[in-house]
Every structure is written in structure tokens, then in C-alpha cells.
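Student: I would like to learn how to read aromatic rings in a protein model. Could you walk me through it?

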Amino acid sequence: MKSLDDLSSDLSFTKAKVGTDRQVTFLPEPARAERRYTVISVDDHIVEPPHTFEGRMPARFADRAPKVVEREDGAEVWVYDGNELPNVGFNAVVGRPVSEYGFEPARFDEMRRGAWDIHARIADMDLNGVYASLNFPSFLPGFAGQRLQLVTEDRELALASVRAWNDWHLEEWTGSYPDRIIPCQIPWLLDPELGAEMIRENAARGCHAVTFSENPANLGLPTMHSGHWDPIMAACAETGTVVNLHIGSSGASPTTTDDAPPDVTGVLFFAYAIYAAVDWIYSGLPSRFPDLKICLSEGGIGWVAGLMDRLDHMLSYHEMYGTWADLGEELSPSEVFRRNFWFCAVEDQSSFVQAERIGVENILLEADYPHCDSTWPRTQQVIHEEIGDLDPELIRRFTWQNASELYQHPVPEAVQADPDAY
């Protein structure tokens, strides 16, 4: 595995120019995409704006709360409890040439405004033909909110920062356009009982999604097999809160050797979704909480049917291991996989023929704005090329209905019928 913190601090990881001579080019503004489909994207990202924590932290933490400062070299960085977190943009590269893609931008004016401004984000969704979007945090909190909690040793400061981020997300980012943005909270990871209380509190505020670590053990936290996380998972099952496992949320990416070229890490990035799926299935969490909903975000769908085959093959070994019998689960692992897990397609053009095996109600779509994997501003065209020849019932399910049902995010009938209606 390779640490994402190490990768993000290595600005020479790609060939894009870095430092004071870095090249920043904005492509011409794209035309509004032709809207063939009503689309919900279940994986996009926020670059937290500089004011995220302003007015939301207790006064005693004012000097230690996360804030953006400008360095002498012109780069903008987050500073949190005296710790500098250098990657303010973290791959927010849409609207720029591929030759400039990297782990920068290093300043807010070096990224498309929709990366960090909610009003510009909605405008970019309109250009792209995306009706609604679920947004994950970015580098500052970490994909699972872990950095806000593990960078500082002051637990009260960490808790205040997590609450402030969630308040900002629900009140400003989501609250400005509640019909267009699906709320997704970051969890409190340092106390599962309090974390469960916060899940219930935010569910009462209309938030039915949480981003969580695919493998918290990589973050120095208890494993998925320890039983430690049961209170949080019980609260998610009880409230219908979807547990989103975004690749990289364990702070690592699969790789092979230290001297492998960056392409190897790029190609294998999705593979952590496979690791996470198997780990969570055999953790017993889906069996102890059969109503638990788990979404493997940005992992693609091309591997899902193959893993189901492997899980079925492993039935012949279960008596040897004894793990599955000890769980008391009546279903097979592959059946639990279909019952409790959802999968996100980015560009999986060869995989939709396996939809029946994967589960037609388990497949979602994503645009991954503003990262380099993003299909913006051609998401509508990509979707058409991948599934445009499928049965209209399947198209409806994949483009918006599955996501609407999973995240309890209704789509107006007029928009269901006409993607130009919003």
C-alpha cells in the first residue's frame, strides 16, 4: 500500500509543473451538454472554502481552528492546530488540460470555482446535465473525516471541528440547494457511542449518508472485525443512513513496489473497493445489521460479478474455516453482498452486460467532479455511450432511481420525465 498523504505531498508524482513556475491553464468554457437523461451522481467532491469553519467553532478554539493562509511562495495551505496541511486543492483539476493534472492546485484561483463555491457548483452541474449530487470531503478533512481527528491530540478541538464541518455542509453547502445536493456527513471516529449519537442527530436533520473509512485499521483505529464499530453501524441501520466507503478513505492506495511508476497506483486505485467488500462481508457487520446499506464509492463495477463468483466458490471451503457458520447467516456471502452493498460506475463500458448478476437495483452512476477521473463536462455523453442502448427501465434505474431510493432523495416527477425540467 502507498500512503495518500505521501502521494499528495509529492508534487512531482505526475509530470505537471509544480512550484512557483507551475502552469495553470483554463480551457474554454464548455457548452451546455445535451440532456438525454435525468442523472444523480453519487460521488463528487468538495474543496472546502476558506470560510468553512468561520463562526462555527467555539471561541476558545478560534486560533487553532482550520484556516487558510498564504505562504511566501504564493501557495495557499490549511493550518490546523499549528499543523500545515499543504494540499489545498487535492486534484481539483476539471476544466484544465490533462497535461497539468496532478495533486495540486495550490491556490483557490488555480481551480475551477465550482470546486469550492456551491453556487458555481450548481452552475457546473447544470452545464454537465447532473440533477443531483452527493459530495465527499476533500484533503483537509480526509475522505472519511479522519484528518480533522487524527492531526490534533486535542479531542475537544477535533470534535468541534467535525461538528463545524457537518454544520457547514448541512446548512450552507447542502442547505443552499437541498433539492440538488444530497447531504453526506463525516463521522466521529474516536468514540463509537458518541459517533452513533451524531448519526442519529444528523438523520433527524435530514442527512442519510455518512462517509466512513474502508479500512480504519490503516488509520490506527480498531479493525472492522473487532466489534468496536457496532454502535455506529447499528445507528446507520436504524436511521437508513448509507455508509459510503470511498476508495482512499483508509489513507492508502494499492500498489506493487516502491519503484513502480505512478501509472501502477493510478490503475490499481479502484482495487481497494474489492479489499473493502471482502473485509466488510466477513466482518459480520452486514449479518448483525441486515438493514445496513454500504456503498462502495468510486470503485467501479467491473469486478463485482467476478467477486460474487469467487464468494460462491468459497462456499466449498466454509466448513474448513467456520467463519460463516459462526455468523449464523442464512444467506450466502454473495447474497449478502447483493443485499447490503451498492456499487458506483464511473466509466465501466464493458460491465453493464453483467447487471443482472450484480443486481439492477445495486448499480449507481457518478461523475467524480472535480477530480481527474471526472467525466465533467461530458457525463451525459459518457452515459449515453455506455447504457444508451439498454432497456429504458434499466436506464432509469441506473441514472437516478437507484440513487434516489438509496439516499432517500426524491426527484420531482417533472424532472423524472424531462431532464430539461430543472
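Tutor: Gladly! Let's begin with a term: a residue is buried under 20% relative accessible area, exposed over 50%, and partly exposed in between (1.4 Å probe, protein chains only). This model is predicted, so local features need pLDDT of at least 70 and side-chain atom pairs pLDDT 80 or more, while totals for chains, interfaces and linings use all residues. Residues are numbered from 1 along each chain as its sequence is written, and side-chain values use heavy atoms, leaving out hydrogens and water.

Student: Is Trp-324 buried or exposed?

Tutor: Trp-324 is buried, because its relative accessible area is 6%.

Student: And how do I recognise an aromatic pair?

Tutor: Rings of Phe, Tyr and Trp (its six-membered ring) pair if their centres lie within 6.5 Å; planes under 30 degrees apart are stacked, over 60 edge-to-face, and the rest tilted. That rule gives 17 aromatic pairs here. Take Tyr-131 and Tyr-422: their planes meet at 70° and their centres are 5.1 Å apart, so this pair is edge-to-face. The two residues are 291 residues apart in the chain. Tyr-131 is buried at 2% relative accessible area, whereas Tyr-422 is partly exposed at 23%.

Student: Which residues form one aromatic cluster?

Tutor: Trp-303, Phe-337, Phe-341 and Phe-343 do.

Student: What about a charge over a ring?

Tutor: For that, NZ of Lys or CZ of Arg must be within 6 Å of the ring centre and within 35 degrees of the ring normal. Tyr-422 returns here: the charged end of Arg-35 sits over its ring, 4.0 Å from the centre. Likewise, the charged end of Arg-147 lies over the ring of Phe-139, 4.1 Å from its centre.

Conventions: Helix = DSSP H or I, 4+ residues; strand = E, 2+ residues; numbered from the N terminus.
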